[in-house]
Amino acid sequence: MQESKLEFDPVALRKKYRIERDKRLRRDGNQQYLSVSGEFSNYVDDPHIEQEIKREPLTDTTQVIIIGGGFGGLIAAARLSQAGVGSIRVVEKGGDFGGTWYWNRYPGAACDTESYIYLPLLEELGYMPKAKYAHGPEILAHSQNIGRKFGLYENACFQTEVTELVWDELTCHWIVHTNRGDAMRARFIVMSNGPLNRPKLPGIDGIKDYQGHTFHTSRWDYEYTGGGPEGDLNRLTDKKVGVIGTGATGVQCIPHLGAAAKALYVFQRTPSSIDVRDNRPTDPQWAASLAPGWHKQRMDNFNTLTSGGIVEEDLVKDGWTEIIRNLISMANYRGKGLDRGEIARLMELADFQKMEQIRNRVDQWVEDPEVAEALKPYYRQFCKRPCFHDDYLQTYNRPNVQLIDTQGKGVEKITDSGVVANGQTYDVDCIIFATGFEVGTDYTRRAGYDLIGRQGLRLSEKWADGLQTLHGLHCRNFPNLFIMSTGQAGFTTNFPTAMDETAQHIGYIINQCVERGMTSIEPTQEAEDAWVREIISLARIGAAFQEDCTPGYYNNEGQPDPRSARNSSYGRGPNPFFRKMAAWRAAGDMQGLELR
Ligand code: NDP
């Protein structure tokens with residue numbers, strides 16, 4: 001592929017991307033955000049609880065306690081119960097199952113990943129999603145159905161926050177302390193705290209002074225806005241609303257705010273890439289034609305494509321898999337035996353082409369050329385999370401909606417009555433923070449609790465310089481603990497697949513322990529060290545890409561973290577990782593684990 005034959009100028013685009021990135025780099029990086037604790041803790045109050053649960057503290061013993069009742073915890077509980085593991089309890093901060101879908105009920109909340117691969121346990125539940133992309137309420141209902149199907153409600157502890165986990169060496173049990181005074185015991189712990197569970201606020205000067213109404217999108221206040229997840233925010237018709245943030249959440253709720261508010265000011269620091277959504281109802285004939293095993297096959301197909309692999313047919317055919325399709329058609333890539341440098345060059349060209357298409361879409365939908373220009377993203381597609389929406393861009397044609405583009409600088413200040421950007425004050429009745437979630441902070445801070453393992457060792461101490469695990473799952477000196485996360489494990493854009501693979505792996509290990517009469521397992525020091533070395537050696541590949549990206553949570557806000565390589569996922573991609581785990585199980589010798 002010759003660069004001179006392209007419809008864009010790669011050199012000019014490279015330069016433009018660099019300029020836009022440099023505008024956004026800030027010295028305070030991740031420190032620019034405020035923790036939602038202390039005087040900001042009201043931002044994480046649960047607006048969905050109808051009645052507070054009253055119960056006595058628990059001191060009983062369960063075979064497995066799973067922390068977190070989102071997809072990860074639910075899938076773990078389902079797979080463990082299928083594997084015949086004994087008593088299981090899910091401990092969950094919220095008032096029900098659902099995790100991210102319990103909390104994020106903002107208008108328009110929906111999943112950008114195809115429902116047929118995103119919703120877990122579809123074949124087990126005999127459920128077919130209503131459309132190619134599922135909305136929040138359907139996903140929340142599916143979560144609750146998993147809870148019912150696997151009998152998880154009976155033993156679950158909702159509205160319960162874990163405050164500390166302590167390993168009891170004498171009995172080889174974990175003691176789970178909570179904010180309700182519980183000291184429950186469990187032989188095994190599965191931690192599934194969620195990757196984006198802790199909302200963050202921007203540390204904008206004056207944020208404490210604001211006297212109007214305010215909330216974070218993950219705790220949407222329908223009392224104030226009226227309406228519901230489908231929109232119709234009828235209490236905003238006489239309100240001036242400011243929304244800060246135009247990431248995946250902002251993109252989904254802004255059309256509803258624009259349709260309802262008397263005036264809407266959207267404060268933008270970096271535009272998102274907005275591709276076609278094109279949602280459509282599920283075709284019943286297609287659904288009926290699916291053979292058993294289709295769900296896993298479809299998930300594997302997607303994982304292969306989104307991690308750069310080749311498959312016979314792209315089953316999902318969506319915006320996530322398109323970039324690799326582009327690459328294949330651009331370069332006749334299949335079977336050509338190109339070297340890594342040439343593949344990287346072609347990938348960049350395919351990316352430029354894709355982003356040109358995204359930028360052209362903005363011109364197609366936004367009437368005011370100045371507004372359209374401000375809405376164009378100048379960075380590589382996967383520097384930020386790609387978004388898919390058919391109404392977002394048109395929202396800026398509404399007379400009551402104003403885009404306040406801050407040219408990468410962000411909001412300057414908040415006063416007692418409004419928001420200051422580009423030197424101008426916008427008085428508003430309400431500020432909605434669509435400012436996302438903590439990512440680069442320490443695991444135990446995001447979890448909200450620390451773990452005390454053998455000889456008083458804290459997990460926060462052990463991980464002070466980065467993760468230290470075997471397979472991202474086990475941690476020496478923290479026996480019988482399973483960590484469901486993508487750090488040092490398999491990462492895929494479609495998280496639930498990785499969670500499912502991990503859950504089945506955990507089921508196997510727990511059953512092996514029980515069958516062999518073991519009371520504790522943990523990785524050997526050698527196995528853990530070797531795994532960390534392998535993770536670091538494979539991580540180098542993505543580092544240069546991230547460094548060139550515009551700042552965001554994908555690249556630690558543009559500040560290379562010395563721990564990034566160590567905290568990264570398995571660099572060969574998700575399917576090779578899952579195959580590696582399957583081979584480990586097939587070997588049957590529990591290699592790298594110390595059993596007592
Ligand atoms: P993000 O972190 O993606 O976005 C936060 C937004 O706040 C960004 O636009 C950011 O700008 C902006 N911001 C932060 N500080 C300031 C400031 N001082 N002034 C102005 N703007 C500011 O959070 P989201 O909640 O949007 O999304 C988080 C993740 O949740 C997504 O990446 C995705 O993984 C998931 N999600 C998934 C959905 C789905 O369809 N499956 C839907 C919604 C969310 P900047 O970009 O410049 O940093």
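Trainee: How do the residues of the shell around the ligand divide into nonpolar, polar and charged?

Mentor: First the classes. Ala, Val, Leu, Ile, Met, Phe, Trp, Tyr, Cys and Pro count as nonpolar; Asp, Glu, Lys and Arg count as charged; the others, Gly among them, count as polar. In this shell there are 13 nonpolar, nine polar and five charged residues. A word on the source: this is a predicted model, where local features need pLDDT of at least 70, side-chain atom pairs count only at pLDDT 80 or more, and totals for chains, interfaces and linings use all residues. Residues are numbered from 1 along each chain as its sequence is written, and side-chain values use heavy atoms, with hydrogens and water left out.

Trainee: Which residues around the ligand come nearest?

Mentor: A residue is near a molecule or strand if one of its heavy atoms lies within 4 Å of it. Here 27 residues surround the ligand, and Asp-112, Thr-249, Thr-270, Lys-384 and Tyr-553 come nearest.

Trainee: Where in the fold does the shell come from, by domain?

Mentor: Domain bounds come from an automatic or database domain assignment. Domain 1 (16-41 + 201-277 + 343-433) and domain 2 (61-198 + 439-595) each give at least three residues to the shell.

Trainee: Which helix gives the most to the shell?

Mentor: Helices (H or I, at least four residues) and strands (E, at least two) are DSSP runs, numbered from the N terminus. H8 gives the most, with three residues. Helix H8 spans 248-260, and both H8 and strand S7 (200-202) supply at least two shell residues each.

Trainee: Which residues lie at polar distance from an oxygen atom of the ligand?

Mentor: A polar contact is a pair of N or O atoms within 3.5 Å; within protein, one must be able to donate a hydrogen and the other to accept it, and residues adjacent in sequence count only if both atoms are side-chain atoms. Take the backbone cases. A polar backbone atom of Ala-110 is 3.0 Å from a ligand oxygen. For a polar backbone atom of Thr-246, the distance to a ligand oxygen is 3.0 Å. Thr-270 uses its side chain: an N or O atom there is 2.6 Å from an oxygen of the ligand. On its own, the ligand has 920 Å² of accessible area, and the protein covers 89% of that. Accessible areas come from the Shrake-Rupley method with a 1.4 Å probe; for residues, only the protein chains shown count as cover.

Trainee: How many salt bridges does the structure hold?

Mentor: A salt bridge is a side-chain nitrogen of Lys or Arg within 4 Å of a carboxyl oxygen of Asp or Glu. The structure holds 43 of them. One of them joins Glu-348 and Arg-14, 2.9 Å from N to O. Glu-348 sits in helix H12 (residues 340-365) and Arg-14 in helix H1 (residues 10-24), so the pair ties together parts 334 residues apart in sequence.

Trainee: Is Glu-348 buried or exposed?

Mentor: Buried means under 20% relative accessible area, exposed over 50%, partly exposed in between (1.4 Å probe, protein chains only). Glu-348 is buried, at 15%. Arg-14 is partly exposed, at 34%.

Trainee: What does Lys-354 meet in a salt bridge?

Mentor: Its partner is Asp-275, at 2.8 Å from N to O. Lys-354 is in helix H12 and Asp-275 in strand S11 (residues 274-275), 79 residues apart. Lys-354 is buried at 0% relative accessible area. Asp-275 is buried at 5%.

Trainee: Which residues are linked in a network of salt bridges?

Mentor: The network links Glu-169, Arg-454, Arg-476, Glu-522, Glu-594 and Arg-596. Within it, look at Arg-476 and Glu-522: their closest N and O atoms are 4.0 Å apart. Arg-476 is in the loop between helix H15 (459-462) and strand S19 (481-483), whereas Glu-522 is in strand S20 (residues 521-523), 46 residues apart. Arg-476 is buried at 17%, and Glu-522 is buried at 1%.

Trainee: Which residue other than glycine has a positive phi near 50°?

Mentor: That is Asn-422. Asn-422 lies in the loop between strand S15 (418-421) and strand S16 (424-427), and is partly exposed at 45%. Asp-232 also has a positive phi, about 55°, and is not a glycine. Asp-232 is in the loop between helix H7 (222-225) and strand S9 (240-244), and is exposed at 59%.
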